[in-house]
Amino acid sequence: MPESLAKKILIVEDDLFLGLITQKYLSKLGFEVATEVNGQLGLDHLHATDKLPDLILTDIMMPIMNGLEFLENIKKDEKYKNIPVYAITSMAEELMEDKKNIGFEKIIIKPFSLLDLSIEINTRLKKEQ
C-alpha cells in the first residue's frame, strides 16, 4: 500500500524501547507510524504535519506534558478533536476507570500484547471506512 494511503498512527510514549518496538510492529503491518516522547512534542507533531493521524496511542505518565494534558489539548481543538485516542498506561485499571470519561476511547494496560493492540487498532479503524 502506498504510504500516502496507509493509515497513520501517532505514538506518544516516553519509554523509548516500548515506543520503538510498537512503531516497528505497526509499521510491518502497513501503518504509517510516527513517535514522540511527550505530550508537548505530540502536539507539536500534530501542528506541523500535513497528514493527521487516524489514531493516537499515548502514555499517561510522561515528562513535560502528560497524556491527560495532551488529550485535553487535542479535544479542545476542532482540527484534532475527532481523532480517537487510546491511553497506554501502567496505571491500575481501577485508577483509570474515571479517566475513561475524559475522552480516551480505549484504555490499554501495560504490559500488553502487540497482537492484541493491532487487532484493537484494526477493528477501530475499519469502523471508519
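# Exercises on a parallel sheet and its helices

Strand S1 (residues 8-12) and strand S3 (residues 55-59) run parallel and are joined by four bridges. The model is predicted, with local features needing pLDDT of at least 70, side-chain atom pairs counting only at pLDDT 80 or more, and totals for chains, interfaces and linings using all residues. Residues are numbered from 1 along each chain as its sequence is written, and side-chain values use heavy atoms, leaving out hydrogens and water.

**Exercise 1.** Find the strand order of the open sheet and its edge strands.

*Solution.* Step 1: helices (H or I, at least four residues) and strands (E, at least two) are DSSP runs, numbered from the N terminus. Two strands pair if DSSP finds at least two bridges between them. Step 2: Leu 10 has Ile 56 in S3 as its bridge partner. Step 3: the five strands follow the order S2-S1-S3-S4-S5, with parallel pairing. Step 4: strand S2 (32-36) and strand S5 (106-109) each pair on one side only, and these are the edge strands. Step 5: on average, neighbouring strands of this sheet are turned by 20° against each other, direction ignored.

**Exercise 2.** State which strands H5 touches, and describe how helix H1 (residues 16-28) packs with H5.

*Solution.* Step 1: contact means heavy atoms within 4.5 Å. H5 packs on the sheet and touches S1, S3, S4 and S5, its direction making about 140° with that of S3. Step 2: axes are lines fitted to C-alpha atoms, for helices over the stretch in contact, and angles run from 0 to 180 degrees between N-to-C directions. The axes of H1 and H5 are 11 Å apart, at an angle of about 55°. Step 3: angles under 35 degrees count as roughly parallel, over 145 as roughly antiparallel, 65 to 115 as roughly perpendicular and the rest as oblique. H1 and H5 are therefore oblique to each other. Step 4: Ile 21, Thr 22, Tyr 25 and Leu 26 in H1 meet Leu 114, Leu 115, Leu 117, Ser 118 and Ile 121 in H5.

**Exercise 3.** Is Glu 120 buried, partly exposed or exposed, and which residues does Glu 120 touch?

*Solution.* Step 1: Glu 120 lies in helix H5 (residues 114-127). Step 2: buried means under 20% relative accessible area, exposed over 50%, partly exposed in between (1.4 Å probe, protein chains only). Glu 120 has 25% relative accessibility and so counts as partly exposed. Step 3: not counting residues up to four places away in sequence, Glu 120 touches Tyr 86 and Lys 106. Step 4: Glu 120 and Lys 106 are 14 residues apart in sequence, and their C-alpha atoms are 9.2 Å apart in space.
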